[in-house]
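Colleague: I'd like to learn how to read a model like this one. Could you walk me through it?

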Amino acid sequence: MNCRPYRDDLQALVDGELSEQRQEELRLHLAQCARCRARRDLLAALKACLPAPPPVSPGFGQSVMKRLAARPAPPRLAPRLAPRLAAFACVVAIVAAGALLSVRRSRHGLEPDILPDHCLAARCGP
Ligand SMILES: [Zn+2]
């Protein structure tokens, strides 16, 4: 079963950000794919553990973009420093990827090791 066309939209499904047609396509796939259902359930559990974002006033995005446009351009990095920063960024990215990929199987399916216990308890609750 090819899950690739669906995998990237699971978070959008959990967030309610997909069109009706795309939701139906994912639901059909989820009815046949336990792996994607487990991933969707994990994403939903993670979302339930996160606090709700504060409300954003209308026009906030435009206000931020105006302020950013009004700021002077940041200074350029010294040519010697850029490769070191790139190397450091690669190391950070590799460590972060390792942390995100440290997924273990449990009796509930895929769960990351970094999921707090209270989230797991909430997910396993009644
Ligand atoms: Zn799938």
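Colleague: Let's start with confidence. What pLDDT does the protein average, and what share of the residues score at least 70?

Modeller: Keep in mind that this is a predicted model. Its average pLDDT is 83, and 81% of the residues score at least 70. Confidence also varies by element: strand β1 (residues 103-106) has the lowest mean pLDDT, 50, while α3 has the highest, 96.

Colleague: And the overall layout? How many helices and strands does the protein have?

Modeller: Seven helices and two strands. Going along the sequence, you'd read α-α-α-α-α-α-β-β-α.

Colleague: What percentage of the residues count as buried?

Modeller: Of the 126 residues, 7%. As for contacts with a separation of 6 or more, 57% of them come from residues 24 or more positions apart.

Colleague: Which residues make up the largest nonpolar core?

Modeller: There are five: Tyr6, Leu10, Leu13, Leu26 and Cys36. Take Leu26 as an example. Leaving aside residues up to four places away in sequence, Leu26 touches Tyr6, Asp9 and Leu13.

Colleague: Now for a single helix. How far does α3 reach from its first C-alpha to its last?

Modeller: Helix α3 covers residues 20-32, 13 in total, and reaches 19 Å, close to the 18 Å expected at 1.5 Å a residue.

Colleague: Does that helix lie largely in the open or is it largely buried, and why?

Modeller: Just count: the number of buried residues among the 13 of α3 is one, so the helix lies largely in the open.

Colleague: How do I read the sides of a helix?

Modeller: The general idea is that an α-helix has 3.6 residues a turn, so residues three or four places apart point the same way. For a case here, try α4 (residues 34-49), which has 16 residues and reaches 23 Å, close to the 22 Å expected at 1.5 Å a residue.

Colleague: Which residues are buried in α4?

Modeller: Cys36, Arg39, Arg40 and Leu42. They cover an arc of only 160° around the axis, so they sit on the same side of α4.

Colleague: Which residues are exposed on the other side of α4?

Modeller: Ala34 and Ala48 are exposed there.

Key: Residues are numbered from 1 along each chain as its sequence is written. This is a predicted model: local features need pLDDT of at least 70, side-chain atom pairs count only at pLDDT 80 or more; totals for chains, interfaces and linings use all residues. A nonpolar core is a set of buried Ala, Val, Leu, Ile, Met, Phe, Trp, Tyr and Cys residues joined through C-beta atoms within 7 Å. A residue is buried if 20 or more other C-beta atoms lie within 10 Å of its own, exposed if 12 or fewer, and partly exposed in between; C-beta atoms are placed from the backbone. Two residues are in contact if their C-beta atoms, placed from the backbone, lie within 7 Å. Helices (H or I, at least four residues) and strands (E, at least two) are DSSP runs, numbered from the N terminus. The expected span of a helix is 1.5 Å times one less than its number of residues. pLDDT is the predictor's confidence in each residue, from 0 to 100. The arc is that of the directions from the helix axis to the C-beta atoms.
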